[in-house]
Amino acid sequence: MSILLRAWTIFHPPTPGKTPISPEPGSKTGPVRIGLLGAANIAPIALLLSARSCPDAEVTVVGARSLQKAQAFAKRHGVGRAVQGYEAVLSDPEVDAVYNPLPNGLHYEWTMKALQAGKHVLLEKPATNTPGEAERIFAFAKEKGLVVLEAFHYQFHPAAQRLHAIVSSGELGRVQKITAHLTAPSGFIKPDDIRFQYALGGGAAMDMGCYVTSISRYLAGREPVEVIKAEPVLQDPGREPLVDRRMEFTYLFPALEGEERGPTAECVCDLSLPGWGPGGLLPRWPEMSVRVLCEAGEAGLNNFVMPVFFHSISVRSAKGRRTERAFTFGKGEGEQWWTTYRYQLQAFVDKVKGREPQHWITGEDTVGNMRAVQMVYEKSGLGARPESDFEL
Ligand SMILES: NC(=O)C1=CN([C@@H]2O[C@H](COP(=O)(O)OP(=O)(O)OC[C@H]3O[C@@H](n4cnc5c(N)ncnc54)[C@H](OP(=O)(O)O)[C@@H]3O)[C@@H](O)[C@H]2O)C=CC1
Ligand SMILES: O=C1OC[C@@H](O)[C@H](O)[C@H]1O
């Protein structure tokens with residue numbers, strides 16, 4: 001499929017009818033009915049677009065703090081109903097699962113309330129403000145027999161999984177050093193954004209840092225034991241003295257049997273890279289790359305966050321150099337134009353419906369990621385993000 005046709009199809013996907021509902025009373029057939037908590041900026045691309053081409057998912061209702069905002073959002077994005085407030089979504093009998101794209105600091109409260117209301121949850125990253133909150137969510141989900149998935153969408157795409165397969169195959173020998181960068185030029189994220197508010201769980205290491213942490217752990221195949229360095233650059237020290245705009249940090253992973261020393265992961269995340277050139281007016285190019293240096297070669301993935309638009313997997317081994325691309329799993333499920341979010345939604349609805357998803361992020365993995373992010377904050381001197389005071 002040409003790059004142009006792929007780009008067009010991403011935004012104009014085929015829209016098959018939804019899975020039919022069986023007339024049998026109590027039948028669990030039919031699409032998973034998803035309620036949206038908040039008219040969030042990310043929801044149209046991450047959920048609504050994906051649901052259009054997914055026969056097993058239907059977004060039935062959106063709730064926002066203001067009814068007018070919910071109504072405007074529903075009209076613009078073709079959501080059937082709009083309601084005032086998030087409680088109204090949770091008590092809606094036409095909702096089986098919710099998508100929680102609220103600010104990080106509200107993830108815990110509204111995920112716990114959703115589980116209490118008997119709803120499965122597709123939970124935006126980072127799952128919570130602290131590892132303890134993530135642990136409590138997954139313990140409660142288990143007790144209730146409900147599904148919670150932290151939306152690390154990149155990992156559901158064939159490109160990330162192909163890099164993982166190359167690194168784990170042993171072709172390049174043991175992993176020595178991972179380098180993961182995720183940055184955005186200044187201007188994209190406004191100064192009053194939720195990402196710059198400590199009370200809402202803001203900070204670069206939470207927002208983009210949780211991705212570079214996640215992909216480093218995914219490729220290292222183990223949990224870090226130490227943060228060797230964590231150097232923050234603050235966004236607005238006067239107003240938000242604990243919020244990082246940028247964080248450079250290095251994880252040390254433990255040595256596995258037969259290894260002399262464990263690998264490191266050097267990570268950089270930046271929500272607002274200053275421009276360069278005269279007056280700093282020229283924008284920096286965003287970075288979205290990961291590289292894995294191994295004892296007998298190296299492999300990397302350029303654009304691990306939005307691989308459907310373009311990406312390249314480069315490999316250097318004793319056999320030479322090669323470049324690969326992976327948009328589908330070959331004979332398996334998926335299309336060239338499926339975004340990371342579309343693959344993720346398929347896995348989520350498969351799990352809710354009791355089918356085996358192509359890939360999954362376990363509760364243990366989510367807790368491990370939150371632990372690692374918290375280790376970075378502790379090392380940086382900025383300290384952990386605030387615990388929610390919500391109690392069930
Ligand atoms: N997977 C991905 O690729 C991405 C994930 N994300 C994640 O999604 C989440 C939301 O990000 P984004 O869509 O950019 O966020 P928004 O700025 O759009 O905020 C999301 C929603 O939060 C609600 N909200 C509730 N309380 C507050 C408050 N006190 N201040 C501000 N908003 C509030 C608003 O709901 P209401 O409509 O009710 O007013 C708003 O719609 C974050 O956790 C982020 O990390 C973000 C971008 C990409
Ligand atoms: O999840 C995200 O992915 C893309 C980034 O631009 C954004 O800040 C972040 O929230």
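1. In this predicted model, Q374 is in contact with N129, T130, P131 and A384 once its neighbours within four places in sequence are left aside. Q374 itself belongs to helix α11, which covers residues 363–380. A further distance helps to place this residue: between the C-alpha atoms of Q374 and L149 the separation is 20 Å, with the two positions 225 residues apart along the chain.

2. One of the contacts of Q374, P131, is also the residue at which α6 (131–144) begins, and the loop that runs from β5 (120–123) to this helix holds P126. The backbone deserves a careful look here, since the peptide bond leading from K125 into P126 is modelled as cis, with omega near -20 degrees.

3. A second backbone detail concerns N303, for which phi is near 70 degrees, a positive value in a residue that is not glycine. Is N303 buried or exposed? With a relative accessibility of 1%, N303 falls under the 20% limit and therefore counts as buried, and its place in the chain is the loop that links β12 (297–302) to β13 (312–317).

4. Turning to the sheet, 6 strands are arranged as an open sheet with parallel pairing, and their order is β3-β2-β1-β4-β5-β6. The edges are taken by β3 (81–84) and β6 (148–150), each of which has a single partner strand, so that one side of each is left without a neighbour in the sheet. From one strand to the next the twist averages 20 degrees.

5. Within that sheet, the pairing of β1 (residues 32–37) with β4 (residues 97–100) is parallel and extends over 3 bridges. For a reader who wishes to locate this pairing in the structure, I34 can serve as a marker, as this residue stands opposite A97 in β4. Both strands also have a helix lying across them, namely α2 (residues 43–52), which lies across β2 (57–64) as well and runs at about 145 degrees to β2.

6. As to annotation, the UniProt record, an unreviewed entry, places a feature named "domain: GFO/IDH/MocA-like oxidoreductase" at residues 161–227. How much of residues 161–227 is helix, and how much is strand? In the model the chain over this range is 36% helix and 19% strand, while the C-alpha atoms at the two ends of the range lie 26 Å apart. The name and limits of the feature come from the record, whereas the helix and strand percentages and the end-to-end distance are computed from the predicted model.

Methods: Residues are numbered from 1 along each chain as its sequence is written. Chains are lettered from A and ligands numbered from 1 in the order in which they are written. This is a predicted model: local features need pLDDT of at least 70, side-chain atom pairs count only at pLDDT 80 or more; totals for chains, interfaces and linings use all residues. Side-chain values use heavy atoms; hydrogens and water are left out. UniProt positions are given in the numbering used here, feature names are shortened, and annotations may be inferred rather than shown by experiment. Helices (H or I, at least four residues) and strands (E, at least two) are DSSP runs, numbered from the N terminus. Contact means heavy atoms within 4.5 Å. Buried means under 20% relative accessible area, exposed over 50%, partly exposed in between (1.4 Å probe, protein chains only). Two strands pair if DSSP finds at least two bridges between them. Axes are lines fitted to C-alpha atoms, for helices over the stretch in contact, and angles run from 0 to 180 degrees between N-to-C directions.
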